[in-house]
Protein chains: 2
Amino acid sequence: MNIACLVFDQITLLDAVGPVEVLSRIPGAKVELVAKKKELLQSSKSGFRLMPDYVLEDMRAADILVVPGGPGVRPLLKDPAVLDWVRRVHQSSQWTTSVCTGSLLLAAAGLLQGLPATTHWNAFADLERYGAKPVRERVVVKGKIVMGAGVSAGIDMALTLASLAAGEAVARAIQLRIEYDPKPPFDAGAPDRVDDMVLELARGGLDSVSAV
Amino acid sequence: MNIACLVFDQITLLDAVGPVEVLSRIPGAKVELVAKKKELLQSSKSGFRLMPDYVLEDMRAADILVVPGGPGVRPLLKDPAVLDWVRRVHQSSQWTTSVCTGSLLLAAAGLLQGLPATTHWNAFADLERYGAKPVRERVVVKGKIVMGAGVSAGIDMALTLASLAAGEAVARAIQLRIEYDPKPPFDAGAPDRVDDMVLELARGGLDSVSAV
């Protein structure tokens, strides 16, 4: 089972690593990172420097396509080479997946026209602009397309997909292996559960405050 | 706020990326990846190739030290240069953290002698052998040492630490930003909640089965 994960400068790394940490544990799975250029790229915020394994032209098919999000997805929404690649890999994939604003790229490639879809809570309007019908679900499965909401939702998305692709026993074993028994210290994972000050911080205030 | 994250070949990448995706969003935070050599290294299972920012000798202090785990932590437990570095950075750190089997390295460096500590559920005996007192908690805070249990527990650990280091409003805003509102599709995140077959798969069966 060949898993192709699109990577790019200013990717939100957890969008990719959450699902890949799950999917790479499906017996027989192999992950390849695919990018426009075979050069070191840098993740958003965390600043990890990653080396892709393949350029787009050299990886034209995959059993599972993973499209993560992050600030760096924006320029790709108008990049014909990337949009063509997404359409092409999707054509023969068994599963096409996205996390966070990765679904904007699926939508920009025309794969979500009129379909229920999800993305980061702060990007619903963008998703709608590309013709999808955003729904407030953490994981959306529509045919062979499996989408996770913002960032950390990629773990839930991938466990759902692992179950579909390899059976529930394997999915449960992977969940146990990565000890995914979440206990968030706060109940602040959705915009309707925080006050206005926290919402503003999350919308951009964290980036503009230089110290707290 | 300077965050140093130790990285090494065969790291479990989510151990590092979970906490770093949280901690890097604390206003003013900057993350550096520190390794024995400034060469591309490869993560376990997921196979991401990473380039460290610094070698040990060039990063001798940090406000927050993050020590992730993974199969590649094992050879480091007997590596004097790495153990010395951990002790040295810990000496002046504000916070010293671990995820998963990263706590074995803290213990091997002598930082957990007689202290309550946590690690991956499958590594409790190893942690005890190094003189710590393993407790079944997802996050353990002992003075300035903050530890997460297996792999995905690093997210809960880091949100706890973000609250301690930058206040609850910032921690809640980060939780919202990464949309950490977990909804695992199964209840299989702890060994006492799965049957023997799933437990055996999680203990190593996933690695030995070549296809399902």
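# A tour of the interface between chains A and B

Select R49(A): this residue stands opposite M51(B), which lies in strand 4 of chain B. The model is predicted, so local features need pLDDT of at least 70 and side-chain atom pairs count only at pLDDT 80 or more, whereas totals for chains, interfaces and linings use all residues. Residues are numbered from 1 along each chain as its sequence is written, chains are lettered from A in the order in which they are written, and side-chain values use heavy atoms, with hydrogens and water left out.

Now show strand 4 of chain A together with strand 4 (residues 49-51) of chain B. The two pair in the antiparallel sense over 3 bridges. Strands (E, at least two residues) and helices (H or I, at least four) are DSSP runs, numbered from the N terminus, and two strands pair if DSSP finds at least two bridges between them.

Next, colour the two chains separately. Chain A is superposed on chain B by a rotation of 180° with 0.0 Å of shift along the axis, at an RMSD of 0.0 Å; the fit is by least squares on the C-alpha atoms of residues with pLDDT of at least 70 in both copies. The two copies are thus related as by a two-fold rotation axis. Select L50(A): in chain A, its C-alpha is the nearest to the axis, 2.4 Å away.

How many residues of chain A are in contact with chain B? There are 77, and they touch 78 residues of chain B, where contact means heavy atoms within 4.5 Å. Between them the chains bury about 6,900 Å², 63% of it on carbon and sulfur atoms; buried area is the accessible area (1.4 Å probe) that two parts lose on being put together, summed over both. Select L176(A), E179(A) and F186(A), which lose the most area in chain A to chain B, together 11% of what that side buries.

Then select R193(A) and D181(B). They form a salt bridge, with the closest N and O atoms 2.9 Å apart. The rule finds 4 salt bridges across this interface, each being a side-chain nitrogen of Lys or Arg within 4 Å of a carboxyl oxygen of Asp or Glu. Helix 6 of chain A is the next stop: with 10 residues, helix 6 gives the most to the side of chain A that touches chain B.

Finally, move to the sheet in chain B. This open sheet of 7 strands has the order 5-2-1-6-7-11-10, with mixed pairing. Its edge strands, each pairing on one side only, are strand 5 (54-55) and strand 10 (139-142) of chain B.
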